[in-house]
Amino acid sequence: MAPCGIVFAWRSVVVRAPLRVIVCAFRSERASLFAEHQPLTATVDSVRALTLGGRAQIELGHPASYYVVRALIWTAAILAVSVPLAVARYRRG
């Protein structure tokens, strides 16, 4: 991929420039750290680990149970926040 500069052809400015800005934003360390700790990442990692079977620990560095537990913790945390909010809003009217 080209460096994070903006090319000044009209097609590049309209089509490619926004995409390059997004790609450059996600190359930073903070963005990659943010991406590693998302609920979808935990779910995808757990599916990958379960699909790999016995090779999961060798290829991913942790056993499949590690990724499954992380995905379940994210699910429980999301439910713990969203269910009380939904019930409160339902009761209000």
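Among contacts in this protein between residues at least 6 apart in sequence, 33% join residues at least 24 apart. The model in which these contacts are found is a predicted one. Its fold contains five helices and zero strands, so that a reader who follows the sequence meets the pattern α-α-α-α-α, by the DSSP assignment of helices and strands.

Of the 93 residues of the protein, 14% count as buried. The accessible surface comes to about 7,600 Å², and carbon and sulfur atoms account for 68% of that surface.

Helix α5 deserves separate attention. This helix runs over residues 64-92 and has 29 residues. From its first C-alpha to its last, α5 reaches 42 Å, which is close to the 42 Å expected at 1.5 Å a residue. Within α5, Ala64, Tyr67 and Ala71 are buried. The buried residues of this helix pack against two other helices, α3 (39-52) and α4 (56-60). After α5 comes glycine 93, a residue with a positive phi, near 150°.

Helix α5 also includes valine 83. Together with Leu79 and Val87, Val83 makes a nonpolar surface patch of about 230 Å². Why can valine 83 be described as partly exposed? Its relative accessible area is 42%, and the term partly exposed applies because this value lies between the limits for buried, under 20%, and exposed, over 50%. Valine 83 can belong to the patch because patches are made of residues with over 30% relative accessible area, and its own value is 42%.

Technical notes:
Residues are numbered from 1 along each chain as its sequence is written. This is a predicted model: local features need pLDDT of at least 70, side-chain atom pairs count only at pLDDT 80 or more; totals for chains, interfaces and linings use all residues. Side-chain values use heavy atoms; hydrogens and water are left out. Helices (H or I, at least four residues) and strands (E, at least two) are DSSP runs, numbered from the N terminus. The expected span of a helix is 1.5 Å times one less than its number of residues. Buried means under 20% relative accessible area, exposed over 50%, partly exposed in between (1.4 Å probe, protein chains only). Contact means heavy atoms within 4.5 Å. Accessible areas come from the Shrake-Rupley method with a 1.4 Å probe; for residues, only the protein chains shown count as cover. Patches are made of residues with over 30% relative accessible area and no salt bridge: like charges are joined within 9 Å, nonpolar side chains (Val, Leu, Ile, Met, Phe, Trp, Tyr) within 5 Å. A salt bridge is a side-chain nitrogen of Lys or Arg within 4 Å of a carboxyl oxygen of Asp or Glu.
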